[in-house]
Amino acid sequence: MKNIKTIALLLAAALMAPAANAEKGRDKELTYVMPQPYDVPVIVSPKGDKVKNVILMIGDGMSLAHIASAWSANHGKLYLENAPVVGLSKTWCLNKLITDSGAGGTALASGKKTNYHCVGVDGEGKAAKSLVEYARDNGLGSGIAVTCRLWDATPGDFCCHIYNRDDEDDVMADYVNCKADVVVGPGWSKMIGRKDGRNLFKELEAKGYQTPRSLDELDAISTGKVFCVTDSFDTKLPAERGDYLARAALKAIDILHRNNPNGFFLMVEGSQLDDYGHFNDLAMLMEETHDFDRTIGAIYEWAAKDGETLVVVTADHETGGLTLVDGDKEEGRIVCKFSTGGHSGTMVPVYAFGPGAENFTGIYENTEVANRIMQLLNLK
């Protein structure tokens, strides 16, 4: 118990330090040179009328400026660009022009606008049914795979129903009621050693979930419901965790595809782009963005082979007010500025790959992402 509390305090302090220093560098030019660019092959988007599966990928805090910067740093190449269809999403929430991940993610998860800081509830505080729940209720599989602590807003938006995202213990406890078949992410420090004395691992196991504690343990599982929690808080930095998100996402896809002949819905989040946008840390922001892009590539490749899977890539909001002001894509060098340590109200892109992609052109509310997915999967 004491060790868990100590870990949590140390992690909280580690997160606060860069945030406190971020303001010192605001509106100053920051330079980043990508040390190891990666090749990006052409992946052809499959065409067809049948949408059996949908994978929704969320780059938390990712705007066109983040994408343009990542593209330039990787010498003018991104997997994301294989998407043939692009739209724009408006991110405002019910009681604020500038949203957060709670309200922004709830709109993407449920097709309903809500209030700032709300997780999976509507403006009146009532549970807003999510795509994860709609999928299960219609005989499809469903799941999520993320790199942030599971009690954070975006994963919670798809699995939980809590009015205030700051009630973190409540968000984590509500996963016991979640309908997802597969959940992969970090955050075991709020699963055990809790103030209320509950052991959420045991409660999930009583509901039929397998509870592996690493991706290696997860690899040995091919059937049944899975709740895999790998780290005590967030995942490690990209250089340390390697291809964690791609591995987690592809394994979730494998389990859902094997066990759900009617199809599935999966949400995959590149979670920590948002953190480094808040911290105004350009180098780490680019590492997270490129990690997310490589995960996009791995999922595009799977979807291209499957032929019946739609992949939608978007963001819940923009973070950091990032601007690309100079650079050289032949050198992989970018020069950027941040204008805020918070979120901004700019529209965010929506990329679509696979059958049904044509439905995501245009300019629309963020709620339309969920609504159009529901229509394509025929979710009642």
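The exercises below, each with a worked solution, concern a predicted model.

**Exercise 1. The ten-stranded sheet**

Determine in what order the 10 strands of the open sheet are arranged, and which strands stand at its edges.

Solution. The order is β6-β7-β5-β4-β8-β2-β9-β14-β3-β15, and the pairing within this open sheet is mixed. At the edges stand β6 (209-210) and β15 (362-365), each of which has a single partner strand, so one side of each is left without a neighbour in the sheet. As an instance of parallel pairing, strand β5 (residues 182-185) is joined to strand β7 (residues 225-229) by four bridges, with Val229 in β7 as the bridge partner of Gly185. Helix α13 packs on this sheet, where it touches β2 (53-59), β8 (264-270), β9, β14 and β15, and its direction makes about 100° with that of β15.

**Exercise 2. Strand β14**

Work out how many residues of strand β14 (residues 348-353) are buried, and which strands are joined to β14 in the antiparallel sense.

Solution. Begin with accessibility: six of the six residues of β14 are buried, so the strand is largely enclosed by the rest of the structure. Next consider the side chains, for which the general rule is that in a regular strand they alternate between the two faces of the sheet. Here Val348, Val350 and Ala352 point one way, while Pro349, Tyr351 and Phe353 point the other way, and all are buried. Finally come the pairings: strand β3 (residues 85-90) and β14 pair in the antiparallel sense over five bridges, and strand β9 (residues 309-314) is joined to β14 by three bridges, again running antiparallel. Within β14, Tyr351 is the bridge partner of Val86, and Ala352 is the bridge partner of Val312.

**Exercise 3. Two cysteines**

Explain why Cys159 and Cys178 do not form a disulfide, and decide whether Cys159 is buried or exposed.

Solution. A disulfide is a covalent bond between the sulfur atoms of two cysteines. The criterion is a sulfur pair within 2.5 Å. The cysteine sulfur closest to that of Cys159 is in Cys178, at 3.1 Å, which is too far for a bond. The structure accordingly holds zero disulfides. As for burial, the cut-off is under 20% relative accessible area, so Cys159 counts as buried at 3%, and Cys178 likewise counts as buried at 8%.

**Exercise 4. A pair of helices**

Classify the arrangement of helix α3 (residues 101-110) and helix α13 (residues 367-376) from the angle between their axes.

Solution. The two axes come within 6 Å and cross at roughly 20°. Angles under 35 degrees count as roughly parallel, and α3 and α13 are therefore roughly parallel to each other. The crossing of α3 past α13 is right-handed. The contact is made by Ala107, Leu108, Ala109 and Ser110 of α3, together with Thr367, Val369, Ala370 and Met374 of α13.

**Exercise 5. The three-stranded sheet and helix α2**

Establish in what order the three strands of the antiparallel open sheet lie, and which strands of that sheet helix α2 touches.

Solution. The order is β1-β12-β11, with β1 and β11 as the edge strands, each pairing on one side only. The twist averages 25° from one strand to the next. Four bridges join β1 to β12, and Leu30 stands opposite Cys336 in β12. Helix α2 packs on this sheet, touching β1, β11 and β12, and its direction makes about 155° with that of β12. Seven of the 10 residues of α2 (residues 64-73) are buried, among them His66 and Ile67. Helix α12 also lies across β1 and β12, running at about 40° to β1.

Conventions
Residues numbered from 1 in each chain as written. Predicted model: local features only at pLDDT ≥ 70, side-chain atom pairs only at ≥ 80, totals over all residues. Heavy atoms only, no water. Buried < 20%, exposed > 50% of the residue type's maximum accessible area, 1.4 Å probe, protein only. Helix = DSSP H or I, 4+ residues; strand = E, 2+ residues; numbered from the N terminus. Pairing = 2+ DSSP bridges. Axes fitted to C-alpha atoms, helices over the stretch in contact; angles between N-to-C directions. Parallel < 35°, antiparallel > 145°, perpendicular 65-115°, else oblique. Left-handed = near helix turned anticlockwise from the far one by under 90°. Contact = heavy atoms within 4.5 Å.
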